Amino acid sequence: AILATHKLLYGHPETLSVIVGPTQRQSSELLRKVRRCLHNLQVPFTGDGDNAESAQIANGSRVVGLPDVGDNIRCFSSVDLLLLDEAARIPEETWLAVDPMIARSQGPVIAMSTPAGPTGFFWEAWTQGGAEWFRIQVPATRCPRFPPRVLERERRVASGELANRLTD
């Protein structure tokens, strides 16, 4: 959200940032955080007039939140910043639809996600993307939002230990 807000404020006029999530709700949540940043900075914004999930500031720069709908999101071009929220859950077809959006601008693609197994474009980029992708990994143990007891319970659930105890 901070990166998209920065692009709105300090990118060239009429900058376009696009947020894609596996659902509209997911992308709307990130857009809500962008709006909150603008509000906290006392930057007036409106919708862009075309997209229900959007924010636009006075210089014409805007951010649009889209769900994973493959062919239906192909209309955007010259995207300056492409944010993929929960990218591990975005299908390959959607990645193929949004990747050309940044061809002209060569803008950054930020693919952020929790893991979702060894499949899909996110997994491929993470494991075989080479120098084209810069990777940052933050384990849940480094995130202050998750108390250690919650992480321990999740570890036990993932390992099957907790499920085995419940069925015994």
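This is a short walk through the fold, strands, salt bridges, pocket and surface patch of a predicted model.

**The overall layout**

Start with the big picture. The protein chain has 168 residues, of which 36% count as buried. Its C-alpha atoms fill a box of roughly 60 × 35 × 30 Å along the principal axes. The secondary structure adds up to six helices and five strands. Going from the N terminus on, the elements of the protein chain come in the order α-β-α-β-β-β-α-β-α-α-α.

**Strand 1 and its neighbours**

Strand 1 is a good place to look next. Six of its six residues are buried, and the strand is mostly covered. As a general point, side chains in a regular strand alternate between the two faces of the sheet. Here, Leu16, Val18 and Val20 point one way from strand 1, while Ser17, Ile19 and Gly21 point the other way, and all are buried.

Which strands does strand 1 (residues 16-21) pair with? One partner is strand 3, in the parallel sense over six bridges. Leucine 16 sits opposite arginine 62 of strand 3, and glycine 21 sits opposite proline 67, also in strand 3. Strand 4 (residues 81-85) is also a partner: it runs parallel to strand 1, and four bridges join the two. In that pairing, serine 17 faces leucine 81 of strand 4.

Valine 20 also gives us a handy link to helix 3. Threonine 94 is 74 residues from valine 20 in sequence, yet the two are 9.1 Å apart in space, C-alpha to C-alpha. Threonine 94 belongs to helix 3 (residues 92-98). Its relative accessibility is 1%, so threonine 94 counts as buried, the cut-off being under 20%.

**Strand 3, from the other side**

Strand 3 (residues 62-67) is largely enclosed by the rest of the structure, because five of its six residues are buried. Besides strand 1, it has strand 2 to deal with: strand 2 (residues 54-56) and strand 3 run antiparallel and are joined by three bridges. The two strands make a hairpin with five residues between them, and glycine 60 in the turn has a positive phi of about 90°.

Arginine 62 keeps turning up. Glutamine 56 is a bridge partner of arginine 62 in strand 3, and leucine 16 stands opposite arginine 62 as well. On top of that, the arginine 62 side chain meets that of aspartate 48 in a salt bridge (2.7 Å, N to O). This pair links distant parts of the chain, with arginine 62 in strand 3 and aspartate 48 in the loop between helix 2 and strand 2, 14 residues apart.

**Salt bridges**

How many salt bridges does a search of the whole structure find? The count is four. In general, side chains of opposite charge can pair when their charged atoms come close. Here are some of the pairs:

| Salt bridge | N to O distance |
|---|---|
| Arginine 62 and aspartate 48 | 2.7 Å |
| Glutamate 86 and arginine 89 | 3.1 Å |
| Arginine 153 and glutamate 154 | 3.7 Å |

Are these residues buried or exposed? Aspartate 48, at 12% relative accessibility, counts as buried. Glutamate 86 is buried too, with a relative accessible area of 17%, while its partner arginine 89 is partly exposed at 42%. As for the remaining pair in the table, arginine 153 is partly exposed, with a relative accessible area of 40%, and glutamate 154 is partly exposed at 41%.

**Pocket and surface patch**

What is the volume of the largest pocket? It comes to about 1400 Å³. The pocket is lined by 35 residues, and the closest to its centre are Met112, Ser113, Thr114, Ile136 and Val138. Helix 2 (24-40), strand 5 (109-112) and helix 4 are the elements that give two or more residues to the lining. Helix 4 gives the most, with five residues.

Two of those names come back on the surface. Phe134, Ile136 and Val138 form a nonpolar patch there, with about 400 Å² of accessible area together. Phenylalanine 134 lies in the loop between helix 4 (120-128) and helix 5 (148-159). With a relative accessibility of 74%, phenylalanine 134 counts as exposed, since the cut-off for that class is over 50%. Ile136 and Val138 thus belong to the patch and are also among the residues closest to the centre of the largest pocket.

Note on methods:
Residues numbered from 1 in each chain as written. Predicted model: local features only at pLDDT ≥ 70, side-chain atom pairs only at ≥ 80, totals over all residues. Heavy atoms only, no water. Buried < 20%, exposed > 50% of the residue type's maximum accessible area, 1.4 Å probe, protein only. Pairing = 2+ DSSP bridges. Patch = residues over 30% accessible without salt bridge, like charges linked within 9 Å, V, L, I, M, F, W, Y side chains within 5 Å. Areas by Shrake-Rupley, 256 points an atom, 1.4 Å probe, with all protein chains shown as cover. 1 Å grid on protein atoms, 1.4 Å probe; cavity = no way out; pocket = protein on both sides within 12 Å on 5 of 7 lines; lining within 4 Å. Points joined across faces, edges and corners; volume = space filled by probe spheres on them.
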